[in-house]
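Visitor: I would like to learn how the descriptive words for a protein model are earned. Could we look at it together?

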Amino acid sequence: MKSHKPRNIKNHNLNVLRSVLRENRSLSTKDLSAISGLSVVSINKLLSELVETGEVTIQENPAITGGRRASIYQFNQHFTHFLVIQFTEKNQDIIALFHVCNLFGEVIEEKEFTKDELIWDLLKQNISVFIEKDPSISSIIFGIPGVEIEDKLKIMDFEPLSHLNLRQLVQEKFGIQVIIENDINAATLGYAVELNTSDEIYVSLYYPENYPPGAGIVYDGKLFRGKHGLSGEIKHLPLTSNEDIFPKPKEILVKNIHEALQVVISMYDPTRIVIYTNHLDFSKDDLENIRTELTQVFPYFELTDLRLAESFQEDYLRGLIHLGLENLIHYIE
């Protein structure tokens with residue numbers, strides 16, 4: 001078993017306290033010890049550092065316990081912020097939603113930008129405005145309709161950014177951390193995070209109206225991306241219904257979903273499959289018909305749970321925020 005250096009143990013314990021305080025917002029040292037498993041002595045030493053940096057504050061009106069006032073420590077959700085930039089389809093076109101988020105995962109400011117405001121020079125200017133207004137922004141999380149492969153957006157539905165090394169451009173310009181994630185990957189993660197279950201396999205299919213479909217896979221709370229990030233690019237499947245026709249006629253759309261579901265069930269045997277679609281004419285009845293046909297293909301067990309998702313945008317944003325928090329809560333190594 002690999003041993004840990006003392007410095008690594010300290011940083012690990014600091015991150016444990018950060019996580020516990022962020023989840024509970026405010027706690028006494030006694031409660032922190034009970035939840036984290038760390039001793040009160042260790043917690044007091046670590047808390048002094050977190051208070052000194054401003055990551056944690058001491059509540060002005062502490063709790064009274066047995067005649068003594070126990071200090072209550074609060075996680076400072078505004079110690080640092082992060083910017084989520086969510087590229088998405090709206091009214092058959094690509095837009096971007098900018099969200100400034102705090103360490104509780106709350107959106108504290110947001111703004112929508114049209115495709116004409118998202119070419120690199122203008123995107124750079126728009127990011128600058130947010131960072132100048134809020135210097136506490138320490139990272140940017142991009143959700144994109146595409147895939148970053150070998151540092152470039154080699155798959156990208158928004159053509160002006162195609163094949164750019166977006167990560168490098170942003171880091172060089174602003175000197176902050178950058179995370180880039182595929183849209184359906186983020187939505188699948190957001191869906192799984194909301195359910196808060198473990199040892200489950202969730203797969204999502206996403207059918208935009210004017211762009212190719214995609215899929216996301218989450219196992220035990222973690223995204224499966226594949227070696228190059230190509231996992232889920234179902235537009236490459238040799239399906240009989242994978243013609244590049246947008247928007248897809250309903251009969252082609254239904255057939256494509258049917259065939260994609262059969263592949264996904266065969267390959268991953270997931271706990272649940274969620275379908276996101278911007279095609280208003282694909283209904284629960286259509287999905288029920290597909291379910292009936294798939295039951296004949298897979299007669300061995302009760303068919304995988306198939307559902308039409310309620311909101312792609314909400315799950316997509318939730319997943320991006322989760323990635324941002326996961327990154328920031330472990331920023332000290």
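Guide: What follows is a conversation about helix packing, empty space and the backbone.

Guide: This model is predicted, so local features need pLDDT of at least 70 and side-chain atom pairs count only at pLDDT 80 or more, while totals for chains, interfaces and linings use all residues. Residues are numbered from 1 along each chain as its sequence is written, and side-chain values use heavy atoms, with hydrogens and water left out.

Visitor: What makes H2 roughly perpendicular to H3?

Guide: The axes of helix H2 (residues 29-36) and helix H3 (residues 40-53), which are numbered from the N terminus as DSSP runs (H or I, at least four residues; strands are E, at least two), come within 9 Å and cross at roughly 110 degrees. Axes are lines fitted to C-alpha atoms, for helices over the stretch in contact, and angles run from 0 to 180 degrees between N-to-C directions. Angles of 65 to 115 degrees count as roughly perpendicular, under 35 as roughly parallel, over 145 as roughly antiparallel and the rest as oblique, and therefore H2 is roughly perpendicular to H3.

Visitor: Which residues make that contact?

Guide: Thr-29, Leu-32, Ser-33 and Ser-36 of H2 meet Val-40, Ile-43, Asn-44 and Leu-47 of H3, where contact means heavy atoms within 4.5 Å. By class, this contact of H2 with H3 has four nonpolar, four polar and no charged residues; Ala, Val, Leu, Ile, Met, Phe, Trp, Tyr, Cys and Pro count as nonpolar, Asp, Glu, Lys and Arg as charged, and the others, Gly among them, as polar.

Visitor: Why are H4 and H5 called oblique to each other?

Guide: Helix H4 (residues 120-133) and helix H5 (residues 166-174) pack at an angle of about 45 degrees, with their axes 11 Å apart. That angle falls in none of the named ranges, and H4 and H5 are therefore oblique to each other. Their contact is made by Trp-120, Leu-123, Lys-124, Ile-127, Ser-128 and Ile-131 of H4 and Leu-166, Leu-169, Val-170, Lys-173 and Phe-174 of H5, and its residues divide into eight nonpolar, one polar and two charged.

Visitor: What makes H7 oblique to H8?

Guide: The axes of helix H7 (residues 250-268) and helix H8 (residues 284-297) come within 10 Å and cross at roughly 40 degrees, which makes H7 oblique to H8. Residues of H7, including Val-254, Ile-257, Leu-261 and Ile-265, meet residues of H8, including Leu-287, Ile-290, Leu-294 and Val-297, and the residues of this contact divide into eight nonpolar, two polar and three charged.

Visitor: Which spaces does the search find, and what makes one a cavity?

Guide: On a 1 Å grid over the protein atoms alone, a cavity is a set of points where a 1.4 Å probe fits but cannot get out, whereas a pocket is an open set with protein on both sides within 12 Å along at least five of seven lines; lining residues have an atom within 4 Å of a point. Grid points are joined across faces, edges and corners, and a volume is the space filled by probe spheres set on the points. The search of the whole structure finds two cavities of 30 Å³ or more. The largest cavity has a volume of about 130 Å³, and among its 14 lining residues the closest to its centre are Pro-145, Asp-157, Pro-212, Pro-213 and Glu-233. The second largest cavity holds about 50 Å³ of space, and strand E6 (residues 81-90) gives the largest share of its lining, three residues.

Visitor: How many residues line the largest pocket, and which helix gives the most?

Guide: The largest pocket has a volume of about 490 Å³, and of the 21 residues that line it, the closest to its centre are Arg-22, Val-193, Asn-196, His-322 and Leu-325. Helix H1 (6-24), helix H6 (183-195) and helix H9 (312-328) each supply at least two residues of this lining, and H9 gives the most, with five. By class, the pocket lining has nine nonpolar, six polar and six charged residues.

Visitor: Which backbone values deserve a second look, and why?

Guide: Most residues other than glycine have a negative phi, and most peptide bonds are trans. Glu-150, a residue other than glycine, has a positive phi near 50 degrees, and Glu-150 sits in the loop between strand E10 (146-149) and strand E11 (152-156). Phe-246 and Pro-247 are joined by a cis peptide bond, with omega about -10 degrees, and Pro-247 lies in the loop between strand E15 (222-223) and H7.
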